[in-house]
Amino acid sequence: MKRKLTFGITDCARYYNYENWFINTGKNVEVIKLCYQVNNINSIEECAGIVLSGGEDVHPNLYNKPEYLSLLNKKNIDDKRDEFEWKVIEKSFELKKPVPGICRGLQMINIFLGGTLFYDIPASLSKFEHDKIEEDDQLHTVNVAKNSLLYNIARQESGEINSAHHQSVDTVAEDLEVIAHSSSVIEGLQWKKPENKSWLLLVQWHPERMADQRSPFASGIKKEFIKRCYQ
């Protein structure tokens, strides 16, 4: 029997979607909610892997675009969460924990490493197929780069994913490379040079709540992450 795994998941409005996604894997799984209210940054040391979840917009000051602040809904920005998750990323990389970043998680890590965001996809790119419609995720095609971590997981050059975001990557951090996209929007990132670094897979969609959990763009990502956590 495999040893018990403990995962850390950053808190968000839909935190229990992420928690249940892993708890449903089996009895040998435990989850720790990482949040600034508890300030349990040191709990990362107990975790086999860390999940950076989705949620609010990242404050544009973090990616040197303060002019975007007046264009955003300030109710959708949580400075304390930004500050806490910055420390989560820092410590996770320091301890070389496997990390999947989901939606905001992708954006936050890209910013941490020096990248920037489009403050609003419709306004910046005139694309309208990514945000929710009446609280429901949209569905669209993602194209996957061959010889990428994601292609090795999915074994498909394209597939259907869900979408629920109005921001996306603009400038890609120097240490990252694009491994998936849909139209003009970046959908996946990985280390450009992964040698001597922790396992990292960043996706813009929400595998934890895809309707088709048999999809390799949902279950495949979770299985690969868990496998890396056992190594």
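A cavity is a set of grid points where a 1.4 Å probe fits but cannot get out. I began with this term because the first search concerned enclosed space in this predicted model.

**Entry 1. The cavity**

I looked for cavities of 30 Å³ or more and found one. The largest cavity has a volume of about 30 Å³. Which residues line the largest cavity? I listed Trp21, Pro100, Gly101, Ile102, Leu201, Val203, Pro207 and Ile221. I then sorted this lining by class and recorded seven nonpolar residues, one polar residue and no charged residues. Strands β4 (99-102) and β11 each supply at least two residues of the lining. The greatest contribution comes from β4, which gives three residues.

**Entry 2. Aromatic rings**

I searched the whole structure for aromatic pairs and obtained 12. I noted the pair of Tyr63 and Tyr68, which is tilted, with 6.2 Å from centre to centre and 55° between the planes. Are these two residues buried or exposed? Tyr63 has a relative accessibility of 2% and therefore counts as buried. Tyr68 has a relative accessibility of 14%, so Tyr68 counts as buried.

I turned next to Trp205 and Phe217, which form an edge-to-face pair at 6.0 Å centre to centre, with 75° between the planes. Trp205 and Phe217 both lie in the loop between β11 (200-203) and α6 (219-230), so the pair ties together parts that are 12 residues apart in sequence. I recorded both Trp205 and Phe217 as buried.

I also entered one aromatic cluster, formed by Phe7, Trp21, Phe22, Trp199 and Phe225. Trp21 belongs to this cluster and is also among the residues that line the largest cavity.

**Entry 3. Charges over rings**

I checked where a charged side-chain end sits over a ring. The charged end of Lys33 sits over the ring of Tyr15, 4.8 Å from the ring centre. The charged end of Lys197 sits over the ring of Trp191, 5.2 Å from the ring centre.

**Entry 4. Helix α3**

How many residues of helix α3 (residues 104-112) are buried? I found nine of the nine buried, so the helix is largely enclosed by the rest of the structure. The buried residues of α3 include Arg104, Gln107, Asn110 and Phe112. After α3 comes Gly114, and I noted that its phi is positive, near 110°.

**Entry 5. Salt bridges**

I counted 11 salt bridges in the structure. Glu45 forms one with Lys91, and the closest N and O atoms are 3.3 Å apart. This pair links distant parts of the chain, with Glu45 in the loop between β2 (29-34) and β3 (49-51) and Lys91 in helix α2 (residues 79-94), 46 residues apart. Lys91 counts as buried because its relative accessibility is 15%, and the cut-off for buried is under 20%.

I then examined the salt bridge of Glu208 with Arg209, in which the closest N and O atoms are 3.9 Å apart. Glu208 is buried, with a relative accessible area of 7%.

Asp212 forms a salt bridge with Arg214, with 3.5 Å between the closest N and O atoms. I recorded Asp212 as partly exposed at 36% relative accessibility and Arg214 as exposed at 77%.

Finally, I noted a network of salt bridges that links Glu56, Arg81, Asp82, Glu85 and Arg104. Arg104 of this network is listed among the buried residues of α3.

Terms used
Residues are numbered from 1 along each chain as its sequence is written. This is a predicted model: local features need pLDDT of at least 70, side-chain atom pairs count only at pLDDT 80 or more; totals for chains, interfaces and linings use all residues. Side-chain values use heavy atoms; hydrogens and water are left out. Rings of Phe, Tyr and Trp (its six-membered ring) pair if their centres lie within 6.5 Å; planes under 30 degrees apart count as stacked, over 60 as edge-to-face and the rest as tilted. Buried means under 20% relative accessible area, exposed over 50%, partly exposed in between (1.4 Å probe, protein chains only). Helices (H or I, at least four residues) and strands (E, at least two) are DSSP runs, numbered from the N terminus. A charge sits over a ring if NZ of Lys or CZ of Arg is within 6 Å of the ring centre and within 35 degrees of the ring normal. On a 1 Å grid over the protein atoms alone, a cavity is a set of points where a 1.4 Å probe fits but cannot get out, and a pocket is an open set with protein on both sides within 12 Å along at least five of seven lines; lining residues have an atom within 4 Å of a point. Grid points are joined across faces, edges and corners, and a volume is the space filled by probe spheres set on the points. Ala, Val, Leu, Ile, Met, Phe, Trp, Tyr, Cys and Pro count as nonpolar, Asp, Glu, Lys and Arg as charged, and the others, Gly among them, as polar. A salt bridge is a side-chain nitrogen of Lys or Arg within 4 Å of a carboxyl oxygen of Asp or Glu.
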